[in-house]
Amino acid sequence: MTADDSGAASRDTDTEDEAVSNIPVDDPPGAGDEGDENNIAVRLEQLILGADRRYTPFQAARGAGVSMDLAARFWRAMGFADIGQVKALTEADVLALRRLAGLVEAGLLSEAMAIQVARSTGQTTARLADWQIDSFLEGLTEPQDSGLTRTEITYPLVELLLPELEEFLVYVWRRQLAAATGRVVRAQDDAEMVDRRLAVGFADLVGFTRLTRRLEDEELGELVEAFETTCSDLVAAHGGRLIKTLGDEVLFAADDAGIAAEIGLRLIETMAHDETMPELRVGIAFGTVTTRMGDVFGTTVNLASRLTSIAPKDTVLVDQAFAEELGRIGDAPVSEADAAAAEKAAEEGTGAPPPTYRFALQPMWQRPVRGLGVVEPWLLNRRD
């Protein structure tokens with residue numbers, strides 16, 4: 001962005017004057033509890049950001065060498081509201097803009113891709129930050145026996161936790177990046193990196209809407225948290241990936257149909273042994289899936305969702321392609337009749353030992369599914 005220096009200086013002076021009333025300032029002694037809280041809020045912001053507010057958006061864009069339009073697009077993509085020309089940005093904001101713009105200038109990212117990076121990072125970390133404040137810090141900042149108020153203990157607590165949480169965040173991100181990169185490298189061709197064949201499953205709590213009318217807000221929140229925690233742990237432990245949680249529903253994926261089948265059945269079995277949980281139903285489909293910004297899209301995902309909606313409680317329904325994939329990898333018999341014949345021949349000593357199957361598949365009635373035509377669901381169970 002080019003601008004006349006004298007004009008820019010004039011505008012900067014004007015906006016700085018206008019911004020003074022928008023920047024919290026230290027209140028005089030005796031200003032009261034509200035003034036104390038404002039002071040601590042300013043100190044907390046400085047502690048977390050590691051710098052004072054120094055720049056308006058225009059100054060930050062100019063310092064980063066990018067246009068105001070591009071800077072605003074990056075800022076919105078990260079999930080932050082327009083702030084006019086208030087002096088609210090720091091050196092870190094200028095550096096972040098410069099780095100993103102530098103990736104575009106070097107040809108490592110297109111402008112659209114850089115904005116996607118900003119958006120995906122902003123959305124993910126916004127949810128993480130909200131969760132940490134709501135669930136973690138709130139619990140730790142209850143009034144203490146020492147008589148300190150929540151406001152008084154928050155600053156030293158954040159000061160202690162901040163470097164530890166920052167290092168842990170980077171560690172987990174590197175681990176997840178290594179795992180995701182490994183999956184991409186193992187893809188058979190370039191097209192498979194984006195459009196991949198995956199098993200995709202939904203797990204849905206039955207009767208959740210009725211529960212929302214019967215339970216208190218706190219009880220409902222505890223139930224949802226327990227459900228999401230249980231699902232997250234089971235999916236991760238058995239080699240799947242939790243794509244997202246939707247309150248009463250979770251979406252997971254796995255590269256292998258056998259892994260997805262194990263996850264689906266484990267979820268049903270675990271929830272069935274928890275008296276505090278409603279019944280669960282699971283639907284899984286196998287096929288080509290488009291991945292974008294950590295999410296999955298496509299007909300396979302839609303089919304898994306539809307299978308979940310028609311599954312009886314405490315059951316796992318899968319589609320024809322998933323059933324065929326289990327047969328191909330040897331986790332389920334292609335034909336129960338052939339499997340029974342092989343077992344009988346082995347018992348009579350006239351045939352080789354039969355294969356050991358993990359799962360059983362029972363065909364259900366074909367039925368029309370809205371938007372997807374007629375499908376043939378299969379009921380998935382463990383093999384006796």
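Contact here means that heavy atoms lie within 4.5 Å. The exercises below use this term for a predicted model.

**Exercise 1. Find where Thr-90 sits, state whether Thr-90 is buried or exposed, and list what Thr-90 touches.**

Solution. Begin with the position along the chain: Thr-90 belongs to the loop between α4 and α5 (91-105). Next, take the relative accessible area, which is 1% for Thr-90, so this residue is buried, given that buried means under 20%. Then look at the surroundings, where, once residues up to four places away in sequence are set aside, Thr-90 touches Leu-49, Ala-51, Asp-52, Arg-53 and Tyr-55. Finally, turn to the side chain of Thr-90, a polar atom of which lies 3.2 Å from the backbone nitrogen of Ala-92.

**Exercise 2. Decide how far the confidence values allow the model to be read, and where confidence is lowest and highest.**

Solution. Start with the whole chain, whose mean pLDDT is 81, with 79% of the residues reaching 70 or more. Then go to the extremes: helix α1 (residues 5-19) has the lowest confidence, at a mean of 39, whereas β6 has the highest, at 96. Over residues 1-32 the pLDDT is below 50, although this stretch has 31 contacts in the model beyond near neighbours in sequence. Where pLDDT is low, the predicted coordinates should not be read in detail.

**Exercise 3. Describe the overall make-up of the chain: how many helices and strands does the chain have, and what share of the residues is buried?**

Solution. The count of elements comes to 14 helices and 10 strands. Of the 384 residues in the chain, 34% are buried. For contacts between residues at least 6 apart in sequence, 67% join residues at least 24 apart. One pair that is distant in sequence is Ile-48 and Leu-162, which are 114 residues apart along the chain but 7.4 Å apart in space, C-alpha to C-alpha. Ile-48 lies in helix α2 (residues 33-49), and, leaving aside neighbours within four places in sequence, Ile-48 is in contact with Val-158 and Leu-162.

**Exercise 4. Work out which strands pair with β4 and β10, and in which sense.**

Solution. Take strand β4 (residues 280-292) to begin with, which runs parallel to β6 and is joined to β6 by 3 bridges; here Ile-284 has Val-318 as its bridge partner. β4 is also joined to β5 by 3 bridges, in this case running antiparallel, and Thr-290 has Phe-297 of β5 as its bridge partner. These two strands, β4 and β5, form a hairpin with 2 residues between them, and Met-293 in the turn has a positive phi of about 50°.

Now move to strand β10 (residues 378-382), which pairs with strand β6 (residues 316-318) in the antiparallel sense over 3 bridges. Strand β7 (residues 359-363) pairs with β10 in the antiparallel sense as well, over 5 bridges. Leu-379 of β10 is the bridge partner of Leu-317, and Leu-379 is also the bridge partner of Gln-362.

**Exercise 5. Examine Asp-295: in which strand is its place, and with which side chain does its own side chain make a polar contact?**

Solution. The strand is β5 (residues 295-297). With a relative accessible area of 16%, Asp-295 is buried. The side chain of Asp-295 makes a polar contact of 3.0 Å with the side chain of Lys-244. Apart from residues up to four places away in sequence, Asp-295 touches Ile-243, Lys-244, Leu-251 and Thr-290.

**Exercise 6. Count the aromatic pairs and explain why the pair of Trp-75 and Phe-80 is classed as it is.**

Solution. The count comes to 2 aromatic pairs. In one of them, the ring centres of Trp-75 and Phe-80 are 4.7 Å apart and the planes stand at 40°, so the pair is tilted, since planes under 30 degrees apart would count as stacked and planes over 60 as edge-to-face. Phe-168 and Tyr-171 also form a tilted pair, with 6.0 Å from centre to centre and 40° between the planes. Because Phe-168 and Tyr-171 are 3 residues apart in helix α7 (residues 150-185), about one helical turn separates them. As for exposure, Phe-168 counts as exposed at 51% relative accessibility, while Tyr-171 counts as partly exposed at 48%. Phe-80 is partly exposed, at 43%, whereas Trp-75 is among the buried residues of helix α4 (residues 68-77).

Notes: Residues are numbered from 1 along each chain as its sequence is written. This is a predicted model: local features need pLDDT of at least 70, side-chain atom pairs count only at pLDDT 80 or more; totals for chains, interfaces and linings use all residues. Side-chain values use heavy atoms; hydrogens and water are left out. Rings of Phe, Tyr and Trp (its six-membered ring) pair if their centres lie within 6.5 Å; planes under 30 degrees apart count as stacked, over 60 as edge-to-face and the rest as tilted. Buried means under 20% relative accessible area, exposed over 50%, partly exposed in between (1.4 Å probe, protein chains only). Helices (H or I, at least four residues) and strands (E, at least two) are DSSP runs, numbered from the N terminus. A polar contact is a pair of N or O atoms within 3.5 Å; within protein, one must be able to donate a hydrogen and the other to accept it, and residues adjacent in sequence count only if both atoms are side-chain atoms. Two strands pair if DSSP finds at least two bridges between them. pLDDT is the predictor's confidence in each residue, from 0 to 100.
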